[in-house]
Structure formats: C-alpha cells, structure tokens
Amino acid sequence: MSGDLQVNKILGAVLATGLVIMGVKLGAEAIYHREAPEKPGYAIEVADTGGEGGAAAAVDTPPDWGTVIPTADIAAGEKTFNTKCTSCHNDKQGGPNAIGPNLWGVVDRPVASHPGMDYSDAMKAHAKDVPNWTWDAMYAFLGAPGKVVKGTKMTFVGVKKPQDRIDLIAYLHTQGSTAYPVPAPKSAAAAPAAGEAPASAPAAAAPAEAAPAH
C-alpha cells in the first residue's frame, strides 16, 4: 500500500512539473508576442554586374593615351604588377614563362605569340581579331580577362580601377616596350599646326579681278 502511495507521489510530482513548464511557456508567449516577418532573412543589395536581365554595365572607354601615359605613376604600376601579377607572370628580360607567359616587351607584342607558351584556343582565336597588344587591347583585357576572351586560361578577375590599369600598362611599357610610341594627345592632334588657319574657319574670299580698261 505504501509502495502505491510512493508511486502516486512521483507521478503527481512529474505531472505538476509538466504543468508548471507549460504554464511558463504560455505566459512567456503572451508577454513576448512575436509576429513573423513579411520576408524571411535579410535583404542584401548586390551591385548589378550587367548580366542577363540586368542593366548594361557602364562602358569602360579607353583613355587618351597621349595624355595619361606621360603622367602615369610608374611606381604604382610596378606595385600593382608585384601585387596582382607575379603569381602567374615574369616581367624580366629573358625570364621564364610561368603559369602565364613572360611579359617583357608585351605592349604591342603579337597576341598569343610568346615562345614556349601553351595558349588556350580562346586566346588563339582572339589573336585573329586583335593581332597585337595595343594600348586599347591591353586596357580592355586587363580590366576583365574572362569577359574579353571567353574561355581564356587566365582566371584573374582583372584590375578594375582605370587609373590602376593605366599605371600598370605604363609600367609594362617600360619593361621592354619603349620602342612602341606613345601617341600624341588627341587634343594636340586636333589642334591646327602653328601658322595654319583652323580647319573650321572659312577660307578668305579671293579678291575680285580688276575691271578691264576700256
């Protein structure tokens, strides 16, 4: 009899504990009422990259090379090269190819032409459209290699800041490509030579012939 009483006490204690826990839970929910958010998670804004369905990316127009190369920061360009390029490229005269080709004399070098380098089919095809690494070709490719040459082995995302790219190209120009001339500034090329009348100025009217004597 006493055994049954002990069991009843234990069951009663368990039941009482359960009721207390349930009561605390219901009380807490009543005090701290929470409403489900309209949209789960956090809204994260992502810059549009111009992909399918998005707005077109801003056009990255090449600069006036005759203006920017003479004023470029060569030291900054070398720093960019050492930071972003040396893991895959060597820029010293006679240096070896690495993952990518040696870049000594690369400015105006024929595309996909460095000896001993196994270029991708995509780069070889690009050479048919862009025969040489001109100022503009370097600027476009270094900005987004994978977009300019789809299928290239070069997985580098590119040098996004225009001034960093200009400085880098100016540095590479000093590395074996100085024979490739820097063009005259476009503004200077458009200006008339000394002593010449502006192209837009109308020519002076020729003097009328004197009337013949009678």
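**Figure 1. Lys153 and Asp118 meet through their side chains in a salt bridge.** The N to O distance of this pair is 3.5 Å. Lys153 sits in the loop between helix 6 and helix 7, while Asp118 belongs to the loop between helix 3 (74-84) and helix 4, so the bridge ties together parts that are 35 residues apart in sequence. Both partners, Lys153 and Asp118, are exposed. As in every view here, what you see is a predicted model.

**Figure 2. The whole protein is made of eight helices and zero strands.** Let us step back for an overview before the next close-ups. Read from the N terminus, the order of elements is α-α-α-α-α-α-α-α. Of the 214 residues in the protein, 26% are buried. If we take the contacts between residues at least 6 apart in sequence, 52% of them join residues at least 24 apart. The exposed surface of the protein comes to about 15300 Å², with carbon and sulfur atoms supplying 62% of it.

**Figure 3. Arg165 and Asp60 form a salt bridge between their side chains.** Here the N to O distance is 2.8 Å. Arg165 lies in helix 7 (residues 162-174) and Asp60 in the loop between helix 1 (2-31) and helix 2 (65-68), so this contact ties together parts that are 105 residues apart in sequence. How accessible are the two partners? Arg165 is buried, at 2% relative accessible area, whereas Asp60 is partly exposed, at 38%. The structure holds three salt bridges, and this pair is one of them.

**Figure 4. Asp91 and Lys92 are joined by a salt bridge between their side chains.** The N to O distance in this view is 3.8 Å. Asp91 is buried, with a relative accessibility of 4%. Lys92 has a relative accessible area of 44% and counts as partly exposed. As a reminder for all such views, side chains of opposite charge can pair when their charged atoms come close.

**Figure 5. Helix 4 (residues 121-129) has buried residues on one side.** Which residues of helix 4 are buried? They are Ala122, Met123, His126 and Ala127. These four cover an arc of only 145° around the axis, which puts them on the same side of helix 4. The spacing makes sense because an α-helix has 3.6 residues a turn, so residues three or four places apart point the same way. On the other side of the helix, Asp121 and Lys128 are exposed. What do the buried residues of helix 4 pack against? Their partners are helix 5 (135-143) and helix 6 (145-148).

**Figure 6. Phe81 and Tyr171 make an aromatic pair that links distant parts of the chain.** The structure holds five aromatic pairs. In this one, the ring centres of Phe81 and Tyr171 are 5.9 Å apart and the planes stand at 50°, so the pair is tilted. Phe81 comes from helix 3 and Tyr171 from helix 7, with their positions 90 residues apart in sequence. Phe81 is buried, at 0% relative accessibility. Tyr171 is buried too, with a relative accessible area of 3%.

**Figure 7. The rings of Trp133 and Phe141 form a tilted pair.** Their centres lie 5.1 Å apart and their planes meet at 45°, so this pair counts as tilted. Trp133 has a relative accessible area of 9% and is buried. Phe141, with 7%, is buried as well.

**Figure 8. Trp65, Trp135, Tyr139 and Tyr180 come together in one aromatic cluster.** This view is best enjoyed with the four side chains on display. Two of the cluster members, Trp135 and Tyr139, have numbers that fall within helix 5 (135-143).

**Figure 9. Confidence varies along the predicted chain.** The mean pLDDT of the protein is 79, and 64% of the residues score at least 70. Over residues 36-57, however, the pLDDT is below 50; beyond near neighbours in sequence, this stretch has seven contacts in the model. Residues 199-214 also stay under 50 in pLDDT, and for them the model has zero contacts beyond four places in sequence. Please look at such stretches with care: where pLDDT is low, the predicted coordinates should not be read in detail.

Terms used:
Residues are numbered from 1 along each chain as its sequence is written. This is a predicted model: local features need pLDDT of at least 70, side-chain atom pairs count only at pLDDT 80 or more; totals for chains, interfaces and linings use all residues. Side-chain values use heavy atoms; hydrogens and water are left out. Buried means under 20% relative accessible area, exposed over 50%, partly exposed in between (1.4 Å probe, protein chains only). The arc is that of the directions from the helix axis to the C-beta atoms. Contact means heavy atoms within 4.5 Å. Accessible areas come from the Shrake-Rupley method with a 1.4 Å probe; for residues, only the protein chains shown count as cover. pLDDT is the predictor's confidence in each residue, from 0 to 100. A salt bridge is a side-chain nitrogen of Lys or Arg within 4 Å of a carboxyl oxygen of Asp or Glu. Rings of Phe, Tyr and Trp (its six-membered ring) pair if their centres lie within 6.5 Å; planes under 30 degrees apart count as stacked, over 60 as edge-to-face and the rest as tilted.
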